[in-house]
Amino acid sequence: MSDAILAVDFGTTTTSAVLVADGEIIPIEEPLDGTDLLIGTQATQRMQVHPESFRAEFKRDLGQDARIVLGKRGFTPVRLVTELIKALRAEAERVHGGAIDRAEIGRAHV
């Protein structure tokens, strides 16, 4: 197994990722097992029942001091972004079958 890289397209409204390993580019599906926070489709589905626990486009708040309240808990935008990237990394490691110690994070310009 060669060194693997998690490449993340960190957009304003959506985030996607691919795993680059062993000469292959493998799309990373959104993680399905939210423990502390849910992301992606799971979060959107839960929004139907608990809209107070959902926030879209929280990345727009990066650099601001205001906390984002989800349900009864408050989070900084940095914490939410960190959790998002951690979840993508965990899913990429599951797909890869080993640790991923390198990530490249970019933002598409439209």
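Student: Which residue follows H2, and what is the sign of its phi?

Tutor: Gly97 follows H2, and its phi is positive, near 80°. Keep in mind that this is a predicted model.

Student: How do I check the length of H2, and what span should its 20 residues have?

Tutor: Use the rise per residue. At 1.5 Å a residue, H2 should span 28 Å. The end C-alpha atoms of H2 are 28 Å apart, so the two values agree.

Student: Which residues of H2 are buried?

Tutor: Buried means under 20% relative accessible area. In H2 that holds for Pro77, Leu80, Val81, Glu83, Leu84, Leu88, Glu91, Ala92 and His96.

Student: What covers the buried residues of H2?

Tutor: Look for contacts from other elements. The cover includes the strands E1 (5-10), E2, E3 (24-28), E4 (68-70) and E5.

Student: Where does Asp61 lie, and is it buried or exposed?

Tutor: Asp61 sits in the loop between H1 and E4. Its relative accessible area is 14%, so Asp61 is buried, the cut-off being under 20%.

Student: Leaving aside neighbours within four places in sequence, what is Asp61 in contact with?

Tutor: Asp61 is in contact with Arg55, Ile68 and Pro77. Pro77 is also among the buried residues of H2.

Student: Now the pocket. How much space lies in the largest pocket?

Tutor: About 780 Å³. The lining of this pocket has 36 residues, and the closest to its centre are Leu38, Ile39, Gly40, Ala43 and Phe58.

Student: Which elements each supply at least two residues of that lining?

Tutor: Read the lining element by element. Strand E2 (15-21), helix H1 (40-47), strand E5 (73-75) and helix H2 (77-96) each do so. H1 gives the largest share, 5 residues.

Student: What does the lining of the largest pocket have by class?

Tutor: Sort the residues into three classes. The lining has 15 nonpolar, 11 polar and 10 charged residues.

Student: Let's step back to the whole chain. In what order do the elements run from the N terminus?

Tutor: The order is β-β-β-α-β-β-α-β. That comes to 2 helices and 6 strands.

Student: What box do the C-alpha atoms fill, and what share of the residues is buried?

Tutor: Along the principal axes, the box is roughly 45 × 30 × 25 Å. Of the 110 residues, 26% are buried.

Student: What share of contacts joins residues at least 24 apart?

Tutor: Count contacts between residues at least 6 apart in sequence. Of these, 46% join residues at least 24 apart.

How values were computed:
Residues are numbered from 1 along each chain as its sequence is written. This is a predicted model: local features need pLDDT of at least 70, side-chain atom pairs count only at pLDDT 80 or more; totals for chains, interfaces and linings use all residues. Side-chain values use heavy atoms; hydrogens and water are left out. On a 1 Å grid over the protein atoms alone, a cavity is a set of points where a 1.4 Å probe fits but cannot get out, and a pocket is an open set with protein on both sides within 12 Å along at least five of seven lines; lining residues have an atom within 4 Å of a point. Grid points are joined across faces, edges and corners, and a volume is the space filled by probe spheres set on the points. Helices (H or I, at least four residues) and strands (E, at least two) are DSSP runs, numbered from the N terminus. Ala, Val, Leu, Ile, Met, Phe, Trp, Tyr, Cys and Pro count as nonpolar, Asp, Glu, Lys and Arg as charged, and the others, Gly among them, as polar. Buried means under 20% relative accessible area, exposed over 50%, partly exposed in between (1.4 Å probe, protein chains only). Contact means heavy atoms within 4.5 Å. The expected span of a helix is 1.5 Å times one less than its number of residues.
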